[in-house]
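Biologist: I am new to this structure and would like a close look at one part of it. Could you walk me through the core and what packs around it?

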Amino acid sequence: MDRIQEQPWTWSEEVWRGKVEHVRAGRSLKPTTWKNGARCAVALSFDSDHETNELRDGGKSIGRMSQGQYGNRKGVPRILEALAKHDAKATFFVPAVAALLYPDEQRRVVAEGHEIGIHGWIHELNSVLPYDTERDLMFRASDTLEKITGQRPVGLRTASWDFSPDTLRIQRELGLLYDSSLMADDDPYELLDRGEPTGIVELPVEWIRDDAVYFNMHRFSGLRPHTPPTAVYDIFHREFERAYEEGGLFLLTMHPHVTGYRSRIWILEKLLEDFAARGDVWVATHADIAAYVKENA
Ligand SMILES: [Zn+2]
């Protein structure tokens, strides 16, 4: 966005109010009780970006590409083992190009009872695309995931949570059950399109509950990991504990190429133990949670 050309201070009330009202949080979809009387729901998401992070940026760094391959070779298998140990079901958001690179990984994820959701074509930023291009990529991504896994995706997480002014319109055209890219609440809510209820469930994310924020590094920028794994666990655990107290949703975003390492995978393993220790926590896919709140809120 060109801030100099935009001159927001000259906008009429209609203009700035229109921007705010375009995509908005509507009624809360937080139910009074969760499935089977559970007190709290947990939605674990793993964004299997793999090489598409580097491809999106031009695909020149073989080093960053190899980090992406780590996500497939070590990250996803470690995560699937941890989930299987606790019989916990989760959602994997996969760019179509990553699914085409690793179709066997996607089939294993689905065979083990997990969900696969849309995560763009090649991890592109939606806000730089015209409507037609964004729409074409989202539909092709959905078709590709269905072809590989045999299941039509019902939810979408925009890559880098980059939700464009056209994304909601495209989600409605796709007939999706839920989005998981926006941040207006801790608990599920219904998305409004210029004030009109859409029936689409938002399962809200937050950078606070994202491993990449604390752990990412980039050799040629100032980006360095700044939080030790124990502190990251502490943040995630506090988010979960308060969600449990409030009877709400704890949604956590992790990445196989970020959390799959020997020094970090324990964070997921420990959280899974925390959920089990509470006893009345419903750990489920985003699709199952979205369908439940749509029925029961
Ligand atoms: Zn991603």
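**A strand in the core and a helix beside it**

Modeller: Happy to. Let us start with V42, which touches F250, F275, V281, W282 and V283, leaving out residues up to four places away in sequence. Please keep in mind that this is a predicted model.

V42 is one of three residues to look for in the largest nonpolar core: of its 69 residues, A41, V42 and A43 touch the most other members. Strand β2 supplies the largest share of this core, six residues.

Now step to A41, which is found in β2, the strand made of residues 40-47. A41 counts as buried because 27 other C-beta atoms lie within 10 Å, and the cut-off for that label is 20 or more. Setting aside neighbours within four places in sequence, A41 is in contact with W34, L249, W282, A284 and I289. To see how far along the chain such surroundings can lie, take A41 and T285: they are 244 residues apart in sequence, and their C-alpha atoms are 10.0 Å apart in space.

One of the residues that V42 touches, F275, leads us to helix α12. This helix has 14 residues, 265-278, and at 1.5 Å a residue it should span 20 Å; its end C-alpha atoms are 21 Å apart, so the two values agree. The buried residues of α12 are I267, L268, L271 and F275. They cover an arc of only 95° around the axis, and therefore sit on the same side of α12. The general reason is that an α-helix has 3.6 residues a turn, so residues three or four places apart point the same way.

What do these buried residues pack against? The list holds β2, α4 (62-85), α10 (229-246), β9 (249-254), α11 (256-259) and β10 (281-283). Just after α12 comes G279, with a positive phi, near 85°.

Finally, let us step back to the whole chain. It has 13 helices and ten strands, and its C-alpha trace spans about 55 × 50 × 40 Å along the principal axes. A compact globule of 297 residues would have a radius of gyration near 19 Å, and the chain agrees because its own value is 19 Å. Buried residues make up 42% of the 297 residues. Among contacts with a separation of 6 or more, 75% join residues 24 or more positions apart.

Notes:
Residues are numbered from 1 along each chain as its sequence is written. This is a predicted model: local features need pLDDT of at least 70, side-chain atom pairs count only at pLDDT 80 or more; totals for chains, interfaces and linings use all residues. Helices (H or I, at least four residues) and strands (E, at least two) are DSSP runs, numbered from the N terminus. A residue is buried if 20 or more other C-beta atoms lie within 10 Å of its own, exposed if 12 or fewer, and partly exposed in between; C-beta atoms are placed from the backbone. Two residues are in contact if their C-beta atoms, placed from the backbone, lie within 7 Å. The radius of gyration is taken over C-alpha atoms; the globule rule is 2.2 Å times the number of residues to the power 0.38. A nonpolar core is a set of buried Ala, Val, Leu, Ile, Met, Phe, Trp, Tyr and Cys residues joined through C-beta atoms within 7 Å. The expected span of a helix is 1.5 Å times one less than its number of residues. The arc is that of the directions from the helix axis to the C-beta atoms.
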